[in-house]
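Hi everyone, thanks for coming. I have one structure to walk you through today, so let me put it on the screen.

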Amino acid sequence: MLLTTPFVSSPVRVQGNGGSGASPWAGAATALRIQAAKQLTGRVVTTKADKTVGVEVVRLAPHPKYKRRERIKKKYQAHDPDNQFKVGDVVELRRSRPISKTKHFLAVPLPPRDTRRKSQLLPPLQSQSQSQDQDQPPTPPPSSD
C-alpha cells in the first residue's frame with residue numbers, strides 16, 4: 001500500500017499484515033515524517049520593538065458547524081534585523097531557529113503587488129458612434145458672409 005499526503009516528504013510503502021487483524025496503518029505511524037508550513041504571508045501591523053515586527057496572517061477556514069469559510073487572523077512576531085519594514089508592508093514569514101521566546105520566523109520582503117485596476121492597464125474602449133465620427137472627415141465651420 002502506498003501512502004501520499006501533501007505533508008509527507010516522500011510516498012511511503014506500507015506492508016499489510018495479511019489478515020492478522022491488525023490495521024495496515026499500524027506501521028505507517030513510525031515511517032511518516034510530518035512537515036509543517038515553512039512560510040506564511042502576512043501584513044505588518046506593529047514595528048514598535050527593535051529588530052522585531054508583528055505580522056498578521058489571515059487564512060480561510062470552514063466554520064465547525066455552518067461550514068461557511070471564515071477569516072482567521074493570527075499574529076506572529078518575526079525577526080527584522082535591519083528594521084526595514086513599516087506598518088502595512090506585505091512580508092513573507094520563513095521558519096527559522098527560535099530567536100527568542102516568541103520569535104520563530106524571519107521577515108522577508110515580497111515584491112509589491114500590482115495595485116492598478118485592469119481598466120488602467122487596458123486602452124479605453126471606443127463606442128461605435130465615436131469610431132464612425134473618426135472615419136468621416138470633420139466638417140468645416142460655417143462661413144459668416
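Look at Lys67: a polar atom of its side chain sits 2.8 Å from the backbone oxygen of Pro64. Before we go further, please keep in mind that this is a predicted model. Where does Lys67 lie? Lys67 is in the loop between β4, residues 52–62, and β5. Its relative accessibility is 59%, so Lys67 counts as exposed. That loop belongs to a hairpin: β4 and β5 have 6 residues between them, and Lys67, in the turn, has a positive phi of about 65°.

Now follow the two arms of that hairpin. β4 and β5 pair antiparallel over 11 bridges. If you want to trace the pairing on screen, Gly54 stands opposite Gln77 in β5, and Thr52 stands opposite His79 in β5.

There is another hairpin to look at, on the other side of our story. β3 and β4 form a hairpin with 5 residues between them. Here the turn holds Lys51, with a positive phi of about 60°. Strand β3 covers residues 39–46, and 3 antiparallel bridges join β3 to β4. Arg43 stands opposite Glu56 in β4.

So how do these strands fit together? As a general reminder, strands of a sheet pair through backbone hydrogen bonds, and they can do so parallel or antiparallel. In this model, 5 strands make a closed barrel in the order β3-β4-β5-β7-β6, and the pairing is mixed. From one strand to the next, the twist averages 50°.

For the parallel part, go to β5, residues 69–79, and β7, residues 103–109: they pair in the parallel sense over 3 bridges. Gln77 stands opposite Lys103 in β7, while His79 stands opposite Leu106 in β7. Gln77 and His79 should sound familiar, as we met Gln77 opposite Gly54 and His79 opposite Thr52.

That brings me to Lys103 itself, which lies in strand β7. Is Lys103 buried or exposed? Lys103 is buried, yet it has no salt bridge. The nearest side chain of opposite charge is Asp50, and that is 8.5 Å away. What does Lys103 touch, leaving aside residues up to four places away in sequence? The contacts are Lys51, Thr52, Gln77, Ala78, His79, Arg97 and Pro98. You will recognise Lys51 from the turn between β3 and β4, and Gln77 as the residue opposite Lys103.

Last stop: salt bridges. How many are there in this model? The count comes to 1. Glu92 forms a salt bridge with Arg94, and their closest N and O atoms are 2.8 Å apart. The two partners differ in how they are classed: Glu92 has 13% relative accessibility and so counts as buried, whereas Arg94, with a relative accessible area of 41%, is partly exposed.

That's my tour. Happy to turn the model around on screen if anyone would like another look.

How values were computed
Residues are numbered from 1 along each chain as its sequence is written. This is a predicted model: local features need pLDDT of at least 70, side-chain atom pairs count only at pLDDT 80 or more; totals for chains, interfaces and linings use all residues. Side-chain values use heavy atoms; hydrogens and water are left out. Two strands pair if DSSP finds at least two bridges between them. Helices (H or I, at least four residues) and strands (E, at least two) are DSSP runs, numbered from the N terminus. Axes are lines fitted to C-alpha atoms, for helices over the stretch in contact, and angles run from 0 to 180 degrees between N-to-C directions. A salt bridge is a side-chain nitrogen of Lys or Arg within 4 Å of a carboxyl oxygen of Asp or Glu. Buried means under 20% relative accessible area, exposed over 50%, partly exposed in between (1.4 Å probe, protein chains only). A polar contact is a pair of N or O atoms within 3.5 Å; within protein, one must be able to donate a hydrogen and the other to accept it, and residues adjacent in sequence count only if both atoms are side-chain atoms. Lys and Arg count as positive and Asp and Glu as negative; His and the chain ends are not counted. Contact means heavy atoms within 4.5 Å.
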